[in-house]
Amino acid sequence: MPSTRALIHAPWSASKVSTALRCPRLFHFKYVEKIKEPEVMPEARIGKAVHKVLELVLMGTPLDEALTTVRAELPTDSEQRRFDHLGTAIPSFVARVGQFRRRRRVARQLVEYSLAVREDLSVTQFYSGDAYYRGVLDLGYLFEDDALALLDHKTGVRLPGSSIVDQLEGYGVLAAAAFRHVKTFWFGIHWIAERAVEWSAPVKPSVVLDRLVPDLLDNIEAAALAVSDGPRPNPGPYCDRCSYRDRCPASKELRYEPVEYYEDDE
Ligand code: SF4
């Protein structure tokens, strides 16, 4: 059973858990006070734009049309140039997906697919009041042999040392709850800038149940505990990428710390 403090902040998601663990002050701005992001970081906007292109193309929009439409929504030349650079990786990914779909017997493609579970891990609607954990799968393929491949697109730099299954554990739990007939899961990360797709070894439903579910529930409890003392700031290098940094006194102290100059005694 989840604790009361975990239930208070439900529904949880992967980003909500990591925000709580990183900085309770940021968690409060975003999820408790629900203050609209005063400043959207260019990285976030470019990442969203690239995700949007992939979504459109995988749903059948011609690539050039998707790139042109989404690019036009970026506000500056410099963001458009960075988008163009990442966009050059998309055609080869789309071609790879096409080849892969011709080779494998795909029963269903899932693009930007929303999933949610209640606290007992039964499936519910994404926006339902009883959702305890939820997420949106970037891309999934259900095969006719009851296997499911889940892929998460990432525009950031590759994280060394962190297992793919651990990074995608929440999606694994959601997918296992929603597709109970699946006998094998593959977890993959699409590193867009590096034009690489990294896959885990196949994972059985028993592993999801025995390892991923307890890990996820523990992480949610740790996140709820981290924010239970109130909006304590936890400044660090990530403050430079925090959308709320101009509202946060701790960030100002960190960024504008006065520099002391010492007289040379000699
Ligand atoms: S600026 Fe830093 S300390 Fe302040 S809310 Fe953002 S991440 Fe937390």
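## A tour of the enclosed cavities

Begin in this predicted model with the lining of the second largest cavity, which by class has six nonpolar, no polar and two charged residues. To display that lining, select Leu137, Asp138, Leu139, Leu150, Leu151, Asp152, Leu168 and Tyr171, and keep in view that the space they enclose comes to about 50 Å³. If you then colour the chain by secondary structure, you will find that strand S3 (133-143) and strand S4 (147-154) each supply at least two residues of this lining.

Before moving on, it helps to know how many such spaces there are to visit: the count comes to two cavities of 30 Å³ or more.

Turn next to the largest cavity, whose volume is about 130 Å³. Its lining is made up of 16 residues, and a selection of Cys23, Leu26, Cys239, Cys242 and Cys248 will bring you to the ones that lie nearest its centre. Now show helix H3 (24-32) and helix H11 (249-255), since these are the elements that give two or more residues to the lining of the largest cavity. Of these, helix H3 deserves its own selection, as the largest share of that lining, three residues, comes from H3.

As a last step, colour the lining of the largest cavity by residue class, where the division is 11 nonpolar, two polar and three charged; in the lining of the second largest cavity, to which you may return with the same colouring, the classes stand at six nonpolar, no polar and two charged.

Technical notes: Residues numbered from 1 in each chain as written. Predicted model: local features only at pLDDT ≥ 70, side-chain atom pairs only at ≥ 80, totals over all residues. Heavy atoms only, no water. 1 Å grid on protein atoms, 1.4 Å probe; cavity = no way out; pocket = protein on both sides within 12 Å on 5 of 7 lines; lining within 4 Å. Points joined across faces, edges and corners; volume = space filled by probe spheres on them. Helix = DSSP H or I, 4+ residues; strand = E, 2+ residues; numbered from the N terminus. Nonpolar A, V, L, I, M, F, W, Y, C, P; charged D, E, K, R; others polar.
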